[in-house]
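Colleague: I should be grateful for a close look at one part of this assembly, namely the side of one chain that touches its neighbour, together with whatever bears upon that chain.

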Amino acid sequence: MATLTTTPTPAQGPRLIRVLRGTLYTTLVLFFCLLASSPFLVMGVVTFQTDQDLYKRGASPFDYEDMPTLEHLDNLFNDTRYLSFVRNSTLTGIAVVVVTLVLSLPAAWALARLTGRWGEHAGILMFIVYLVPPTLLFIPLFRIIVQLGLRDSLLSLILVYPSISVPFSTWLLMGFFKSIPPELEEAALVDGFNRYEAFWRVVLPLARPGVISVVVFTFTLTLHEFIYSLVFISSSEARTLSTGVPTELIRGDVFFWQPLLASALLVAIPVGLVYNLFLDRLVQGFTLGAVKG
Amino acid sequence: MNAIMSRWLDDSRLMGIVFLAPATLYIVLLVGLPFITALLFSVSTATVGDASFNYVGLRNFAHVWQTPAFRDALVNTFSFTVVAQIITIVLANILAQLLTAPLPPRRSARIGMWIARMLLILPWATPLSLSVVGWLWMFDSKYSPIDYILREMALLGPDTVWGPANNLIWLGKPLLAKASIIFVHVWRMTPLATVILMAGLSSIPTDLLDQAEVDGSRYLRTLFQVKLPLVMPIMLISLLFGFIFTFGDLTVVYILTRGGPITHTLTLPMYSFLVGIDGGNLAQGAAVSLFIFPVLLLVAVVLLRTASRAEIR
Amino acid sequence: MSEVRLQGIVKRFGEVQAVAGVDLHIDSGEFLVVLGPSGCGKTTLMRTIAGLEKPEEGRIHIGARDVTLLPPRKRGIAMVFQSYALYPHMSVAGNIGFPLKAQGRCPNRSEREQRVHQAAQMVSIEHLLDRRPRQLSGGERQRVAIARAIVSEPEVLLLDEPLSNLDAKLRAYARDELKSFQRQLGITTVFVTHDQIEAMGLGDRIVVMRDGLVQQVGPPQAIYDRPQNTFVATFLGSPGMNLQHVSERVLRGFRPEHLLPVAELPPGAEHEPFVWRVTRVENLGSDRLLYGHVPDFRGDMQLTVARLPSNVTTEIPIDTDCDFGVARQHLHFFDNESGERVAEAAV
C-alpha cells in the first residue's frame with residue numbers, strides 16, 4: 001500500500017544559529033565548571049611550585065619558572081601529622097557508619113511500615129532533627145563531653161556524629177523501605193519466618209542500595225564535620241582532617257601553602273569521585289517526601 | 001514459653017517499638033538533652049570552669065542583646081544567608097537548565113558532561129574546611145590569583161579602575177570581606193541546589209512539556225509558567241537546606257576572617273564560639289546560639305508548609 | 001478546517017524505523033482513525049503531524065501550507081494526549097486559556113475569558129472552571145483536555161488514545177459524545193487507538209498500521225468486509241478471521257459469524273460445506289462462541305472459531321461431527337507468502 005517516495009527532509013534552522021547556540025551553551029557550561037573548580041585547579045598548580053615560584057610578587061601564579069617539585073608532598077606526608085589526620089578521620093568514619101546503620105536501619109523500617117500515622121509524624125520529626133545545626137548544640141555538648149572525660153578523644157566524635165547522620169539516614173532509608181512491596185515480607189511470614197527473620201533475610205538484602213548510600217553519606221559527613229571536631233578536640237594527636245589541616249598546618253601567621261593546599265586537594269578528588277558516583281541516591285535523600293503527594 | 005516467645009516475635013506493634021527505641025533514645029539524649037542544657041546554660045552563669053547552676057533569668061540575653069558585636073553578628077548572619085540564597089537559587093536554575101538540555105548523541109558529549117558534572121560537584125563534595133583553605137589562598141592579600149587575573153585584565157594596579165593598589169585585600173576591607181564570604185557560601189551551596197532542581201525537572205512528565213509545545217508555548221513561557229511552578233516545592237526544599245546550612249555555618253567565617261575586620265563579618269555561630277569556647281563563658285555563648293533556633297524553626301515551618309501546599313501532581 | 005497530506009513520511013529512532021514511509025490524505029472535516037497494535041508507529045505518526053517529531057524524510061501539508069519544518073505552534077493543530085497532560089498547577093480555566101496566552105492570539109483578557117467559557121460550555125464543564133485538575137474525575141479531565149484543544153480553533157485536532165484512561169462504561173458514552181461533537185464542529189480529526197471498537201465506531205475512515213507501514217485505508221465497513229491482507233483480517237473483529245491453508249499457496253478466510261449450522265445459512269445462497277467437531281462452547285449472552293479444530297489440506301489441525309448470535313438456538317453437541325457451512329460470498333482468499341488478498345479465481 002505505502003509507496004516509498006524519498007524526499008529527504010532538510011535540517012531545520014540556519015546552520016549559523018545552531019552553531020552559535022552550541023557555542024554559547026559550551027561557553028556557559030565551561031564558565032560554571034571553571035568557577036566551581038577554580039580553587040582546586042589553583043591547588044593543583046600550587047602543590048608542585050617551589051617557594052621561589054610561589055612567592056614571586058606580580059608574577060603569574062599559574063606559571064612554573066622552576067621545575068615542578070614533589071618536595072611539598074614529601075613534606076606533607078613525612079613532616080606533618082597529615083597521615084595521622086587521615087587515620088583519625090577514617091577510624092571515626094568507620095565507627096560512625098556502624099553506629100548509624102545499627103540505629104537507623106531498624107528505625108527507618110519501623111517508620112516506613114509499622115507505626116502508621118504516628119510513624120508519619122515521627123518521620124517529619126526526624127527531618128526536623130536533621131535540620132538542627134551543630135552550632136546550636138556545640139556548647140552544651142562540649143560541657144557533656146568534658147564531663148564524660150572524652151575531651152581530646154575520638155570517642156567524643158563517634159558519640160556525637162550519629163546525631164547528624166542518623167536522622168538523614170533514617171529519612172533516606174525510609175524511602176527505600178517504602179518502595180519494597182509489603183507482599184514480599186508477608187510471603188516470608190507465610191513461609192514460616194517470624195517478623196525479625198523476615199526483616200533480616202528479605203528486607204535488608206533488598207535495601208542494599210540504600211545501605212550503600214547511607215555508608216557513603218555518613219562517611220563523607222564525618223569527613224566534612226568541622227564544629228564538633230574543632231571544639232571537642234584540641235590535641236594534635238587526635239585531630240581529624242577537617243580541623244587538623246586548617247589548624248595544625250597553619251602555625252600562627254605562618255602558612256605552609258603548598259602542603260596546605262595539597263592536603264585539601266588530596267581529599268577533594270576521591271570524595272568528588274564518590275559523590276559523582278552516588279549523586280542520584282544522595283539527591284533522593286534530599287528530595288524524598290518533597291515530591292510525594 | 002515458646003508460644004509466648006513466638007507471639008512476641010510476630011507482634012508487629014512490639015517490633016515497631018523495639019526497632020524505633022534505640023534511635024529515639026539516642027536522639028533524645030544527644031539532641032534533646034543538649035538543647036535543654038543550652039536553655040539552662042543561657043539562664044545561668046555557667047563557665048567552663050564552674051559547673052554550679054546559678055539562675056540569672058534573662059540577664060544573659062539582655063546583656064548579649066546590648067553588645068554591638070552581637071548586633072553586627074545578627075545582621076550579618078541574616079544578610080549573608082538571604083543574599084547567598086537568592087544568588088544560589090538563580091545560579092542553580094540556570095545551571096539546571098543547562099545540564100538538562102538535550103545533548104548531541106555523541107560519545108564526546110557524554111564524556112564531557114561527566115567531567116563537567118564532576119567539576120561542578122566538587123564544591124559540595126569537598127569538606128568545607130579544606131576548600132575554604134583554598135579560598136583563603138585565592139583571597140590572599142599579596143598573592144591572590146584573582147588579583148593577578150584582574151591585573152592582567154587591566155582592572156587592578158596603577159592607573160586602573162580599581163587601582164592604584166596592586167591588591168584588593170579581599171578579606172581586609174569590610175565590604176569585600178562580606179562579599180567574599182557570601183561568594184564562598186554561594187559557591188558551596190549551588191551544586192546541591194542544582195542537583196536537587198535537576199531531580200525536580202526530570203520528574204516533570206514529558207507529556208506536559210510536549211503539551212506546552214503543542215499549545216504554542218515558547219522556551220521562556222514554558223520555563224516560567226510550566227517548569228518552574230512544577231519544581232517549586234522541590235526548589236523550596238533546596239532553599240530550606242541552603243538557608244539552614246548557611247545560617248548555622250561556622251566554617252567559612254572561622255577560617256576566612258574570624259569575624260574581622262573588627263566585627264564586619266561576625267556571624268552568630270562565630271560569635272557564639274568566640275564567647276562560649278574561646279572566652280569560656282558557656283552561659284552567654286549558649287544565649288547567642290539560641291538566637292539561631294527560633295529563626296530556623298520559623299524558616300523550616302514556613303518553607304515546609306508552602307512546599308506541601310504547592311500543587312504537584 | 002483543512003485537509004492534511006502526508007507524503008513518504010519516514011521517522012527513525014536510531015536503528016529503528018518507527019514510521020517507514022507513509023502516504024496519507026486526510027480530507028477536510030474527516031474523522032480519521034489510525035488503528036494498530038502497540039509499537040506499530042501510530043503515535044509517532046501523530047507526533048510527526050503535530051511537529052513534536054521531525055521526520056527524516058517526507059513532507060507534511062496542512063491545507064495549502066507545507067508545515068514539514070514548522071514548530072507545533074505554527075501548524076494550526078491541537079493535540080490531546082493519552083494522559084490528558086493537564087497542567088496540575090493551573091485551574092481548569094487556566095489550562096483551557098493557556099494555548100490562547102501562549103499563542104498570543106487573544107491579548108484581550110475579557111475576550112480570552114469569554115472564549116475559555118465557550119469552550120468549557122461545549123464540553124459542559126463550565127461549572128468546573130475554578131477547580132484544579134487533581135480534583136476532577138477521569139471523565140472530567142478528558143473534557144478539560146478537549147476544551148483546551150479546541151479553544152484555539154485549530155485546523156486539525158489530534159487525539160492520542162484519549163479514551164483509554166476511562167472505565168469501560170464511560171468510554172462508550174464518551175465515544176458517542178466525541179463523535180457528535182466532532183460532527184458539530186466539522187474539524188479535521190486524527191484519532192489514534194489500538195481499540196478496534198473505537199476505530200469502527202468513530203472513524204469516517206480507518207488507517208490500519210503495522211511496523212510503521214500503512215496496511216489498509218478505508219471506511220470501517222469496507223475494511224471489515226474486504227481486508228486487504230491477513231494482518232488486517234485477523235486484527236479486526238473479535239475474534240479475528242479464521243484462516244485455513246487450502247493449498248501450499250493459498251489461505252482461505254472467513255469470519256466467525258459467517259460459520260453457521262447449515263440450517264441457519266441464508267436460503268438459496270451458495271455455500272461451502274464445513275464439517276467440524278466443536279470441542280468447547282462459550283456462552284456470552286448475546287452470542288455463543290464455538291471452538292473446534294479443523295484439519296487443513298495437509299491434515300494439520302487448526303483452531304477455528306464460530307460465533308452464533310443468540311437467536312440461533314440450535315443445539316450444538318460437543319465432540320460430534322456437525323454440518324456447518326459458510327456462504328460463498330463470505331469467503332476470502334490470501335496469498336500464503338505475502339499475506340495479500342487474492343481473487344478467488346486465482347485459487
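Modeller: The account below takes the contact between two chains, then one residue, and finally a sheet in a third chain.

This is a predicted model, in which local features need pLDDT of at least 70 and side-chain atom pairs count only at pLDDT 80 or more, while totals for chains, interfaces and linings use all residues. Residues are numbered from 1 along each chain as its sequence is written, and chains are lettered from A and ligands numbered from 1 in the order in which they are written.

Chain B places 76 residues in contact with 73 residues of chain A; contact requires C-beta atoms, placed from the backbone, to lie within 7 Å. On the side of chain B that touches chain A, the most residues, 16, come from helix α2 (residues 12–42) of chain B. Helices (H or I, at least four residues) and strands (E, at least two) are DSSP runs, numbered from the N terminus. By class, this side of chain B comprises 57 nonpolar residues (Ala, Val, Leu, Ile, Met, Phe, Trp, Tyr, Cys and Pro), three charged (Asp, Glu, Lys and Arg) and 16 polar (the others, Gly among them).

Elsewhere in chain B, helix α4 (residues 68–100) contains B:R71. B:R71 counts as partly exposed because it has 14 C-beta neighbours inside 10 Å, where 20 or more would make a residue buried and 12 or fewer exposed. Its C-alpha lies 9.3 Å from that of B:L268, although the two residues are 197 apart in sequence.

In chain C, four strands form an open antiparallel sheet in the order β11-β12-β18-β19, pairing being defined by at least two DSSP bridges. The edge strands of chain C, β11 (242–245) and β19 (341–342), each pair on one side only.

Note on methods: Two residues are in contact if their C-beta atoms, placed from the backbone, lie within 7 Å.
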